[in-house]
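Dear colleague,

I am passing a structure on to you, since you have not worked with it before. Please look at it first, and then read the notes that come after it.

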Amino acid sequence: MNDFLLEQPVGKLMMKFSIPCIASLLISCLYNITDQMFVGNGIGYVANAATGIIFPLTVLGLGLALLFGDGAAAAYSLKQGTDKTPQIGLFTGQTIWMTFLTGLVITIIYFLFPEQVLEILGSSEGVADMARQYGNIIVLFIPFAMLQNALSPVIRAHGAPGYAMFCMVCGAVFNIIGDWLAVFVFKFGIQGAAWATVLGQVLSLVLSLIYFMRPKQMMLHLSNFKIHQPTDVQIICLGVSSFLSQFSIVIITVVNNLPLVHYGALSQYGSEIPLVAFVVLMKLFQVVVNIAVGIGTGCQPIVGTNPKMRPKVTLHTILDFLRAGVYIKISIDRDR
């Protein structure tokens, strides 16, 4: 058990866990933003629109990864508060198989119905071919990208937020250098940018797996990958809020892409330029969202482990809350 989560000052713990968590989530945004910058300057705005079409799929993958990753981290932290020797391997194994299987489903659906998926995401005729080139590579590796994002919160909950951030930084640096080489040096086009992204994510994944498979402290065993229904249900219930925060971005993006493409085609700008402008705004908006999510997620291991920090909800507190609400409502009506 990580006793320092019980002993150190709360403010110090929040700084230690929240800052690396925020940094990790911002770095995950950097993958999309980096591609946007390099393909926009090296290939053109149509390439920007193509990455924007695939953007909802990558955010969907991130949301599902956090569903299992944040859920497992929360479940493990709660277990730490009641059990002196919780097994991180069980939570990690369940996270890995659920995340990879879900990512595999996304990949299969995409490759079975590529035209339909791109149409739903708001692709136009001028963007479809480039979006397909970029998406084929990104979606092929989406199970591995999801695994990398799911393991980060588990590593943080185990008491190593710095290592989780290190894994993300290594992948992001690789992606930035790879994007520059692929787009500007070797002229591989949008496919080169996609390869730089997925290889950076694979590097982060390998480093994350090394954490659990160190020879002196092996945490993962084959038995950890057997379906454990009570743990799986707990993981999903605790992680659903993280999933919804990302899934809302998917819905907003898709709902806006479709009219932008339709009405943009009727304007002097065409369908691609309005789409590109909106994609840039949504990727910047994701940065703001992930800062807030990072603060909450970073504090989660502390709150989950330390019983003193958990709010105690009793019948009296619920009644007091309801009475306060009624009083505010009466006051507002009276003022009117």
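The notes below go from the whole chain to one pair of helices and then to two residues.

Please keep in mind that this is a predicted model. The protein chain has 12 helices and zero strands, and, read along the sequence, its pattern is accordingly α-α-α-α-α-α-α-α-α-α-α-α. Of the 336 residues in the protein chain, 50% are buried. When contacts between residues at least 6 apart in sequence are considered, 84% of them join residues that are at least 24 apart.

One helix pair that I looked at is H6, which covers residues 125-140, and H9, which covers residues 189-212. The two pack at an angle of about 20 degrees, and their axes are 9 Å apart. Because angles under 35 degrees count as roughly parallel, H6 is described as roughly parallel to H9. The crossing of H6 and H9 is right-handed. On the H6 side the contact is made by Met-130, Gln-133, Tyr-134, Ile-137 and Ile-138, while H9 contributes Ile-190, Gln-191, Ala-194, Trp-195, Thr-197 and Val-198. Sorted by class, the residues in this contact of H6 with H9 are eight nonpolar and three polar, with no charged ones.

The next residue, Ser-123, is found in the loop between helix H5 (114-120) and helix H6 (125-140). Is Ser-123 buried or exposed? Its relative accessible area is 17%, and since buried means under 20%, Ser-123 counts as buried. Leaving out residues up to four places away in sequence, Ser-123 touches Ile-53, Leu-118 and Ala-128. Ser-123 can also be compared with Glu-272, which lies 149 residues away along the chain, and the C-alpha atoms of these two residues are separated by 9.2 Å.

The other residue, Thr-99, belongs to helix H4, which spans residues 88-112. Thr-99 counts as buried because its relative accessibility is 0%. Which backbone oxygen lies 2.6 Å from a polar atom of the Thr-99 side chain? That oxygen belongs to Thr-95. With residues up to four places away in sequence again set aside, Thr-99 touches Ala-65, Phe-68, Met-146, Leu-147 and Ala-150.

With kind regards

Terms used
Residues are numbered from 1 along each chain as its sequence is written. This is a predicted model: local features need pLDDT of at least 70, side-chain atom pairs count only at pLDDT 80 or more; totals for chains, interfaces and linings use all residues. Side-chain values use heavy atoms; hydrogens and water are left out. Helices (H or I, at least four residues) and strands (E, at least two) are DSSP runs, numbered from the N terminus. Buried means under 20% relative accessible area, exposed over 50%, partly exposed in between (1.4 Å probe, protein chains only). A polar contact is a pair of N or O atoms within 3.5 Å; within protein, one must be able to donate a hydrogen and the other to accept it, and residues adjacent in sequence count only if both atoms are side-chain atoms. Contact means heavy atoms within 4.5 Å. Axes are lines fitted to C-alpha atoms, for helices over the stretch in contact, and angles run from 0 to 180 degrees between N-to-C directions. Angles under 35 degrees count as roughly parallel, over 145 as roughly antiparallel, 65 to 115 as roughly perpendicular and the rest as oblique. A crossing is left-handed if the near helix is turned anticlockwise from the far one by less than a right angle, and right-handed if clockwise. Ala, Val, Leu, Ile, Met, Phe, Trp, Tyr, Cys and Pro count as nonpolar, Asp, Glu, Lys and Arg as charged, and the others, Gly among them, as polar.
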